[in-house]
Each structure stands twice: as structure tokens, then as C-alpha cells.
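Hi,

Here is the structure I promised to pass on to you. Have a look at it first, and then read my notes underneath.

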Amino acid sequence: MSGTIWMYSDRMDDWDILFAQKSFITYREGCDYYDLTEKVMTRLAQDAGAVYKIGTRFVRIRRDVFEEYLREQYRKELADEGETDLPGSDGLYPGAGEGEGEAETGEEPAKDRRNL
């Protein structure tokens, strides 16, 4: 085998290896392999710019361009999730920052006033 596919051969079956050898795939092959609906597969392939039309009847998807687009979208999704995990963002930690500045005013909290 050429390239780096041999590093993953213990996790791949014959179908994966045959699929990896193809440069162009049909919508149906892509739907079956990536487990996507035809509508989603069509939209993603067009967004990736991987659609090649041959005449009026045949449409093929360039697999390497499509997979690179999927990787790029996955990286963006991970980066977006990483930003929302910051403390105090999007209300994940309600009350964060509350109570700051009370000591500067010199006023006692209301609960202490009840004890007077």
C-alpha cells in the first residue's frame, strides 16, 4: 500500500480500503460510506467545491477535496466548542462576577443587616 493508509489498516476493512483507492465517487457511494442522506451529501459536496459534472448525466465527487472539507468543518466545530467552554461565557456559570465591588462601597450585604 502506498501513502499512510497502512497505519490504519488494523481499523479498516476491505470496503474502506477499496473506497480509499477511488479518486472520484458517486453521490450514492458517498451516502453509503459517510452515512449521510442524499440531500446532505449533495449540499456538502457543493459547498466543498468537489462536484464534477461529466456531460449531462454523470456527476462525480472528488473524494480528497470532499474529505478535506469535512476535516476543515470538524476543526471549526471543535474550535467553536472550545470557545463556549470558557468560564463565564454564555451563562454557563451564573453569578460569576457578582458580588465584586461590594467591598469598595463600604456597604454590608443585606443578610448581615437582618442580624442587627
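Below is what I found, going from the sheet to the core and then to a few single residues.

One thing before you start: this is a predicted model.

Let's begin with the sheet. It is open and has three strands in the order E1-E3-E2, paired antiparallel. E1 and E2 are the edge strands with a single partner each, so each of them has one side with no neighbour in the sheet. If you want to trace one pairing by eye, try E2 with strand E3 (residues 58-62), which are joined antiparallel over four bridges. On that route you will meet tyrosine 52, whose bridge partner in E3 is arginine 60.

Tyrosine 52 also turns up among the aromatics. A search through the whole structure gives five aromatic pairs. In one of them, phenylalanine 24 and tyrosine 52 meet edge-to-face, with 5.4 Å from centre to centre and 90° between the planes. Phenylalanine 24 belongs to strand E1 (residues 24-25) and tyrosine 52 to strand E2 (residues 51-54), so this pair ties together parts that are 28 residues apart in sequence. Are the two rings' residues buried, exposed or something in between? Phenylalanine 24 is partly exposed, at 40% relative accessible area, and tyrosine 52 is partly exposed too, at 33%. Elsewhere, look for Phe19, Tyr33, Tyr34 and Phe66, which make up one aromatic cluster.

Now for the inside. The largest nonpolar core is made of 13 residues, and Ile25, Tyr34, Met41, Ile61 and Phe66 have the most contacts within it. H2, H3 and helix H4 (63-84) each give at least two residues to this core, and the largest share, four residues, is from H3.

H3 is a nice helix to look at down its axis. Its residues Met41, Leu44, Ala45 and Ala48 are buried. Viewed along the axis, the buried residues of H3 sit within an arc of 100°, so they line one face of the helix. On the face turned away from that buried side you'll find the exposed residues Lys39 and Gln46.

Back to the core for a moment, and to isoleucine 25. Setting aside residues up to four places away in sequence, isoleucine 25 touches Phe19, Gly30, Tyr34, Met41, Val59, Arg60, Ile61 and Arg63.

The last name on that list deserves a click of its own. Which helix holds arginine 63, and is this residue buried or exposed? Arginine 63 lies in helix H4, and with 14% relative accessibility it counts as buried, because the cut-off for buried is under 20%. A polar atom of the arginine 63 side chain lies 2.7 Å from the backbone oxygen of lysine 22. Apart from neighbours within four places in sequence, arginine 63 is in contact with Phe19, Ala20, Lys22, Ser23, Ile25 and Tyr34.

Finally, two spots to check for backbone angles. Aspartate 35 has a positive phi of about 60° even though it is not a glycine. You'll find aspartate 35 in the loop between helix H2 (27-34) and helix H3 (38-48), where it is exposed, with a relative accessible area of 70%. The other spot is glycine 49, just after H3, with a positive phi of about 75°.

Happy clicking, and write back with any questions!

Methods: Residues numbered from 1 in each chain as written. Predicted model: local features only at pLDDT ≥ 70, side-chain atom pairs only at ≥ 80, totals over all residues. Heavy atoms only, no water. Phe/Tyr/Trp six-rings, centres within 6.5 Å; stacked < 30°, edge-to-face > 60°. Buried < 20%, exposed > 50% of the residue type's maximum accessible area, 1.4 Å probe, protein only. Pairing = 2+ DSSP bridges. Core = buried A, V, L, I, M, F, W, Y, C linked by side-chain atoms within 4.5 Å. Contact = heavy atoms within 4.5 Å. Polar contact = N/O pair within 3.5 Å; in protein donor to acceptor, adjacent residues only side chain to side chain. Arc of directions from axis to C-beta.
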